[in-house]
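Colleague: Please take me through this model before I plan anything around it. I would like short answers with the reasoning shown.

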Amino acid sequence: MRIDILTLFPEMFSSLSASLLGKAQEKDILQINIINIRDFSKDKHKKTDDYTFGGGNGMLMTPQPIYDAMTSIEGYESAHKIYLSPRGKVFKQEMVKSLTDFDHLIFLCGHYEGVDQRVVDMLIDEEISIGDFVLTGGELPAMVIIDAVSRYLPGVLGNSQSTEEESFSSGLLEYPQYTRPAEFMGRRVPEVLLSGDHEKIRKWRENEAKKVTLARRPDIIKKD
Ligand SMILES: C[S@@+](CC[C@H](N)C(=O)[O-])C[C@H]1O[C@@H](n2cnc3c(N)ncnc32)[C@H](O)[C@@H]1O
C-alpha cells in the first residue's frame with residue numbers, strides 16, 4: 001500500500017519508522033511519503049494560513065498550497081483522499097478493513113482552525129474523525145488510522161499476532177490474557193489456562209469476552 005501524507009509538520013511522523021510500521025516499510029509492504037505543504041506555498045514568505053472571511057478567531061490553512069501539494073502527487077486522482085476532521089465520520093474498526101481495499105491513500109492533515117472548505121470540496125473523498133474531541137492537528141489522527149490499517153496488510157503482523165481474535169473483530173472486547181510467571185505477587189493465572197484443555201480454554205475465553213463486553217461496551221454486541 002502506498003500512503004501520502006500532506007502536512008505542515010513532517011517532523012511529527014518520525015515515529016512511523018519505528019516498530020512494525022518501520023519493518024513494513026523496510027519490507028516494502030508499505031510505502032509512506034510525507035509532503036510538506038509549506039514547500040508548495042507561492043507566498044513570498046511561504047505563508048500557508050490566513051484570517052477567515054466573516055470574522056472569527058484563529059487562522060485557516062489557505063487553499064493554494066494544499067491544492068498544489070495534492071495535485072503534485074502521482075496518481076492522486078485515483079487515490080482515496082482523506083481529510084482528518086472532527087466533522088468527519090467517526091473512525092471504527094469496520095472502517096479499517098474497508099480502507100485496506102485501496103492501494104493508495106492520501107491523508108490531508110489540517111492545523112489551526114482547519115482548511116479552506118474549497119479544497120475539501122474539490123479534492124477530498126472522505127472526512128474522518130478519530131473521536132468526539134478536538135486536537136491541534138490532523139497528524140496524530142492520520143497516524144492512528146495508518147497504524148490501524150497497516151495491521152491488516154498481509155505480512156505486517158507476524159504469525160503470532162492475529163487480527164482475528166482481538167477486540168472488536170467478533171463484536172466483543174478481548175478476554176483477559178496472562179503470560180509467565182504463573183504466579184505474580186501472590187496472584188495466580190486462572191487455572192483453566194494452565195490445564196492444556198483447549199476446548200475448556202476456548203469456552204472460558206468466550207465467556208470472559210462476553211462478560212467484559214457486557215460490563216464495558218454493551219453497545220458493540222452484535223445482535224443476530
Ligand atoms: C483545531 S482543529 C480544527 C477544529 C475546527 N475548527 C472545528 O471546530 O471543527 C485543527 C485540525 O486538527 C485536526 N483534528 C482535530 N481534531 C480531530 C479529530 N477528532 N479527528 C480528526 N482530525 C482532527 C483536523 O485536521 C483539523 O483541521
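What follows is a set of questions and answers on the fold, the ligand shell and some backbone details.

Colleague: On what footing do the residue numbers and the features stand?
Modeller: Residues are numbered from 1 along each chain as its sequence is written. This is a predicted model, in which local features need pLDDT of at least 70 and side-chain atom pairs count only at pLDDT 80 or more, while totals for chains, interfaces and linings use all residues.

Colleague: How many helices and strands does the protein chain have?
Modeller: Helices (H or I, at least four residues) and strands (E, at least two) are DSSP runs, numbered from the N terminus. Counted that way, the protein chain has 6 helices and 9 strands.

Colleague: What radius of gyration does the protein chain have, against that of a compact globule?
Modeller: The radius is taken over C-alpha atoms, and the globule rule is 2.2 Å times the number of residues to the power 0.38. The C-alpha trace spans about 70 × 40 × 40 Å along its principal axes. A compact globule of 224 residues would come out near 17 Å, but the protein chain has 22 Å.

Colleague: What percentage of the residues in the protein chain is buried?
Modeller: A residue is buried if 20 or more other C-beta atoms lie within 10 Å of its own, exposed if 12 or fewer, and partly exposed in between; the C-beta atoms are placed from the backbone. Of the 224 residues, the buried share is 22%.

Colleague: In what order do the strands of the open sheet run?
Modeller: Two strands pair if DSSP finds at least two bridges between them. The edge strands, each pairing on one side only, are E2 (31–36) and E7 (126–129). From one strand to the next the twist averages 30 degrees. The 5 strands pair in parallel, in the order E2-E1-E6-E5-E7.

Colleague: Which residue in E2 stands opposite Leu6?
Modeller: Strand E1 (residues 2–7) runs parallel to E2, and 6 bridges join the two. Asp4 faces Asn33 in E2. Opposite Leu6 stands Ile35.

Colleague: Why is E1 largely enclosed?
Modeller: Helix H2 (residues 63–71) lies across E1, E2 and strand E6 (104–108), at about 165 degrees to E1. Helix H5 (residues 139–150) packs on the sheet and touches E1, E5, E6 and E7, making about 170 degrees with the direction of E1. Contact here means C-beta atoms, placed from the backbone, within 7 Å; axes are lines fitted to C-alpha atoms, for helices over the stretch in contact, and angles run from 0 to 180 degrees between N-to-C directions. E1 is largely enclosed by the rest of the structure because its buried residues number 5 of the 6.

Colleague: Which strand gives the largest share of the shell around the ligand?
Modeller: A residue belongs to the shell if its C-beta atom, placed from the backbone, lies within 6 Å of the ligand. There are 19 such residues, and the closest are Leu84, Gly110, Gly114, Gly138 and Pro141. The largest share, 4 residues, comes from strand E5 (residues 80–90).

Colleague: How many residues of that shell are charged?
Modeller: Ala, Val, Leu, Ile, Met, Phe, Trp, Tyr, Cys and Pro count as nonpolar, Asp, Glu, Lys and Arg as charged, and the others, Gly among them, as polar. The shell has 8 nonpolar and 9 polar residues, and the charged ones number 2.

Colleague: Where is the cis peptide bond that ends at Pro181?
Modeller: Most peptide bonds are trans. The bond from Arg180 to Pro181 is cis, with omega near 5 degrees. Pro181 is placed in the loop between H5 and strand E8 (183–184).

Colleague: Is Asp28, with its positive phi, buried or exposed?
Modeller: Phi of Asp28 is near 65 degrees, and Asp28 is not a glycine. Its place is the loop between helix H1 (19–26) and E2. With 8 other C-beta atoms within 10 Å, Asp28 is exposed.

Colleague: And Lys46, buried or exposed?
Modeller: Lys46 also has a positive phi, about 60 degrees, without being a glycine. Lys46 sits in the loop between E2 and strand E3 (49–51). It has 12 C-beta neighbours inside 10 Å, so Lys46 counts as exposed.

Notes: Two residues are in contact if their C-beta atoms, placed from the backbone, lie within 7 Å.
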